[in-house]
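Student: I have a model open and would like to talk through its sheet, its cores and its charged pairs. Can we start with the terms we will need?

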Amino acid sequence: MNVNQQPHMASPYGQPQPGYQGYPQPGYGGDNVPSGYPAQYAPYNGPGSAYQQGPPQGMRGPPTSGAPPVSGAQNYSQFGQGETQNGPPPMVAPPQRPPVSQPYTPAAVNLPGPQPTYGQQYGAPPVSMQQMTNQMASMQVGSTAPSPAGPGYAPQSFPQAPPVSQPPFSTAQVQPGPTQSYGRPLPSTQPSFPRPPLPTSQPSAFPAGPPPTSTPSQLPGVIQPQPPVSQPPPYHSGPPPTSTGFPPRPPFHGMQGLPMTSQGPPMASQGPPMASQGPPMASQGPPMGSQGPPMAQANHILPTQPGMPPGPINTSLSGPPPQPGMQGYPAQQNGAFGQVRGPQPGYTGPYPGQQNYGAPSTAPAPAPAAPKRLDPDSIPSPIQVIEDDKANKGSEPFTTGVRGQAPPLVTTKFQVKDQGNASPRYIRCTSYNMPCNSDMAKQSQVPLAAVIKPLAPLPPDETPPYLVDHGESGPIRCNRCKAYMCPYMQFIEGGRRFQCGFCSCVTEVPPHYFQHLDHTGKRVDCYDRPELSMGSYEFMTTVDYCKNNKFPQPPAFIFLIDVSYNAVKNGMVGIVCQELKTLLDYLPRENPDVESNIRVGFVTYNKVLHFYNVKASLAQPQMMVVSDVADMFVPLLDGFLVNVSESRVVIESLLDQIPEMFADTRETETVFGPVIQAGLEALKAADCAGKLFVFHSSLPIAEAPGKLKNREDKKLVGTDKEKSLFQPQVSFYNTLAKECVAQGCCVDLFLFPNQYVDVATLGVVPTSTGGSIYKYTYFQAPSDQERFLNDLRRDVQKQMGFDAVMRVRTSTGIRVTDFFGSFFMSNTTDVELAGLDCDKTVTVEFKHDDKLSEETGALMQCAVLYTSCSGQRRLRIHNMAVNCCSQLADLYRNCETDTIINYFAKYAYRSILSSPTKNVRDSLMNQCAQILACYRKNCASPSSAGQLILPECMKLLPVYLNCVLKSDVLQPGADVSLDDRAYLRQLVSTMDVAESHVFFYPRLLPLQKLDVESMTLPMAVRDSEERLSRGGVYLLENGLNIFLWVGVSAQQELLQNIFGTPAFSQIDSNMTSLPALDNPFSKSLREIIESVRAQRSRYMKLMVVKQEDKLELIFKHFLVEDKNNNGGASYVDFLCHMHKEIRQLLS
Ligand SMILES: [Zn+2]
């Protein structure tokens, strides 16, 4: 076939598509996609033809009237820009708000005319609603008889005069000030469709030399460095010594030739990395006074033998003398920790076995009984590992061309170059070297999972996925497994056919896609096509990929605002209405130069619902009251969902009037189920996907579907019945969620509770539809509105896809068996997401169903079909290949502990739905003990049983695991509410690895070390009270909270610079923002706080904590290396306990 004949071949992605030039930098390139679909297009992953049950293929009809504006993917101006993960603080630019008419026009309010008596048809609005009622369309709102509910809620009339004091929150306060930023200014120049990276044949880019892992971690006293096992570990042919049921191990096969890995001489580089360990912590010396050994000690370094190289020496702080036997081992890459005081009686003391571990909060971890307490500086330090990784991997870009290469840690700032596998920003794996068979996997107990963030934002210096168009017949796929064209497809027979890397099936290359091969068998256009050379890209899809074979309508946003007493009184209603007037100008769009296609609608409610007609032609909004909430419907079709710019005047009038209307309400009861139903019905009527923003304040006890009762019962905590508290109390919401998903109706819930609201039940719909839950307990406008408004702005503006469905395909030998996140599944393979935003992750777990080969590795392809905010149907593809090994040591050498912890946390947090929390904790701990015991038995060099030997890549597993085990969800203190636990449980389920890392191990920065000149962050310190200096000031953040801790003896100059007063006693611990002082330190600190906030998906409110103040108790809860009041063990104690568990497994 002639190569040049490419009849209707789609333009190679290199050429800007008509609508796609200038693929927006900021975002992932636009993605809003309605997904929905359950039955309608279940087969999207199946044969393309399966899609259409109606018209024959190829009948790609013209877009319907509301068709997606193909205007294309200009950048999202939205906050995508600010999204850079490690970027600078968001710019504070005043919103570019188009001039709008004044919100309130008195004239318009005067509505003459007779006032219908609401009695029968309209669900009995209060008489005072005169003006409104005048204009109400005479449609039947509540077809039932006048509902008793009607009169009760007493909405006030639309004000005749300019709003006066009514709303607790005078509207003035929310005026967008200069500090409100709505997304950043657009970059003036958008690179237009950057060319793909050249076919660098340079895997050279990847850091030469061994991974940093090679640092032997030799712990004084406790831990001994083990040489990395590049040589096959001793093979024990006998039956596993433990009774835990380790399956027999397969024989080791000599050398494992890992073709591409950089693993080379794993142990080589011990020197350098360690070198950098001293300085960091050293800085803490002075203030710490009594801290004992200088923190400067790297965890691998013997405090007692400072001069000694970090060799394989076996030392012990206070334990047995070094064991000669240990000497001479090649430094193991896998850190070993020797001599944990082994079988010494003293050691059982500090951590009294299982019975206490994880005991109810009333049983505090016993104090170390042993006289020889383990030196915290001698055990693996998270800070050290983080700093080592920064030093070793932070300077070079991470290129993804090498299979099985573990990326830098999430705490390291690095650039990614896509050379054939998905960026770690999209996919992180628990191990980049999977065991070849299930026996090995079972033996090791290392979870095989991937944390996928399909629409992750990228920093400005990385290229967003290219958009590929394969023409009218849609993306090229494997005939059998339906995998999409990707770098793992092997072209054969001169390019006429390709063999699938996933299922090996051979498929014809369609004529329009044909291309010749070069002498290496690669297509000559390989590097001109993202789908042949890159890990991530997007496909344009055809109508076959659309629900009902119809291109989707642009999505809609519906705002549903609780106007009951509590919601009005705490200021929420006023704030929301005021903010929306501005925020509606920043709805997601793909091209900043055109208006968003997203239509909007408004509902208010207490125990009845009020719909608003905001059609542009009206002089004033009209309200329709539906008091028959038992069978929800939308009382108006025309005028409910509108275009913002067309209806601006009416919308603004409405938003001005809502707070006034309900200012004097005395209605305290609310409904909830009907509220979501109303939004869902509105989307159905408009035949589009969309998102509901529900602002809700209380337990929905009013008579209606989905009514709830207060079932909070703290006595159940810690019992076998505890799990019921995390399950929804009625099944109504599960059913409703399913309907929402089918329609592509994503629900975001903003809660403002003053008491128990049953988050476990109210959260069912949000967490099944890809939505988010925000919770502002005891919301008080003055101190909490900043957090709420920032969250709301981000949530409204963020890039997202609608009506999405995701599938992960894998190569033969493994398959996806489990999923974690906020979604719905109606079958075993398709993850349905009514909405998928840029912050959401889905964690998938793999299991073997056959043998894997070291040669081919294991492949996965994540495909997400979604509708963009403009209504385009797209497919985003992420490909990832990892190595496979026949030696356990290789598995342990390529693990990523942060990802393992992400998986474990999600697994455990889900397990409490079905098992007592204690069982969940125990089984998690047991699994980790088995992981480490397996390493010890099969990979580590022989050593005495008294040594704790940890794999280098997992040396932080114990400390992080302990943080998960003693988290509020798994081991709550008396002060943690059930709602908070349910909230955190749901929150963690969608976290990416960076978020879960900082959530479980907060970042603690010593500000007295801040170098104002360099503007680099001071190196963090470990989360322990021992690390706090009374003379210092520290910043602690965990992604949800940010604290400023002030030591009682903090230097006066420091206090003066930060607070404007030199006196500790003068500091007001109620402040939620720092004074803007005109000195370099104050400026730097405020910038740091802003940049830390910018990195997180939720706004963190600042709390100032003075040492020895009562608030300090809250702060100390985040010092996770210490034991806590819930009965959570200290790191030291837990490590000893873990060691004991391992020894038991090995004996
Ligand atoms: Zn296939």
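Tutor: Before the details, one definition: a residue counts as buried under 20% relative accessible area, as exposed over 50%, and as partly exposed in between. Please also keep in mind that this is a predicted model.

Student: Okay, then is Glu1090 buried, partly exposed or exposed?

Tutor: Glu1090 has a relative accessibility of 30%, and because that value falls between the two limits it counts as partly exposed.

Student: And which residue does Glu1090 form a salt bridge with?

Tutor: The partner is Arg1093, with the closest N and O atoms 2.9 Å apart. Both residues belong to helix α28 (residues 1080-1095) and are three residues apart, so about one helical turn separates them. Arg1093, at 9% relative accessibility, counts as buried.

Student: How many salt bridges are there by this rule?

Tutor: The count comes to 50 salt bridges. Some of them share partners, and in this way Lys691, Asp748, Arg794, Asp795, Lys798, Asp837, Asp839 and Lys840 are joined into one network.

Student: What about Arg711 and Asp758, where do they sit in the chain?

Tutor: Their side chains meet in a salt bridge at 2.9 Å, N to O, and the pair links distant parts of the chain, 47 residues apart. Arg711 is in the loop between β15 (690-696) and α17 (732-743), while Asp758 is in the loop between β16 (745-751) and α18 (759-762). Arg711 counts as buried at 17% relative accessibility, and Asp758 is buried with a relative accessible area of 0%.

Student: And what does Lys775 pair with?

Tutor: Lys775 forms a salt bridge with Asp980, where the closest N and O atoms are 2.4 Å apart. Since Lys775 lies in strand β17 (residues 773-775) and Asp980 in helix α25 (residues 978-988), this pair ties together parts that are 205 residues apart in sequence. Lys775 counts as buried at 6% relative accessibility, whereas Asp980, at 28%, counts as partly exposed.

Student: Switching topic: what is the strand order in the open sheet of four strands?

Tutor: The order is β24-β25-β26-β27, and the pairing is mixed. The edges are β24 (1003-1006) and β27 (1101-1106); each has a single partner strand, so one side of each is left without a neighbour in the sheet. On average, neighbouring strands are turned by 20 degrees against each other, direction ignored.

Student: How many bridges join β26 to β27?

Tutor: Six bridges join β26 (residues 1041-1046) to β27, and these two strands run parallel. Within this pairing, Phe1043 stands opposite Met1103 in β27.

Student: Now the interior: which residues of the largest nonpolar core touch the most other members?

Tutor: That core has 144 residues, and the ones touching the most other members are Phe611, Leu1044 and Phe1059. Helix α23 (residues 917-938) supplies the largest share, ten residues. Leaving out residues up to four places away in sequence, Phe1059 touches Leu1044, Val1046, Ile1067, Met1071, Leu1074, Pro1075, Leu1077 and Val1104. There is also a second, separate core of 50 residues, which includes Phe559, Ile561, Val796 and Phe802.

Student: Last one, how many residues of α22 are buried?

Tutor: In α22, 13 of the 15 residues are buried, so the helix is largely enclosed by the rest of the structure. At 1.5 Å a residue, α22 (residues 897-911) should span 21 Å, and its end C-alpha atoms are 20 Å apart, which agrees.

Note on methods: Residues are numbered from 1 along each chain as its sequence is written. This is a predicted model: local features need pLDDT of at least 70, side-chain atom pairs count only at pLDDT 80 or more; totals for chains, interfaces and linings use all residues. Side-chain values use heavy atoms; hydrogens and water are left out. Two strands pair if DSSP finds at least two bridges between them. Axes are lines fitted to C-alpha atoms, for helices over the stretch in contact, and angles run from 0 to 180 degrees between N-to-C directions. The expected span of a helix is 1.5 Å times one less than its number of residues. Buried means under 20% relative accessible area, exposed over 50%, partly exposed in between (1.4 Å probe, protein chains only). A nonpolar core is a set of buried Ala, Val, Leu, Ile, Met, Phe, Trp, Tyr and Cys residues joined through side-chain atoms within 4.5 Å. Contact means heavy atoms within 4.5 Å. A salt bridge is a side-chain nitrogen of Lys or Arg within 4 Å of a carboxyl oxygen of Asp or Glu.
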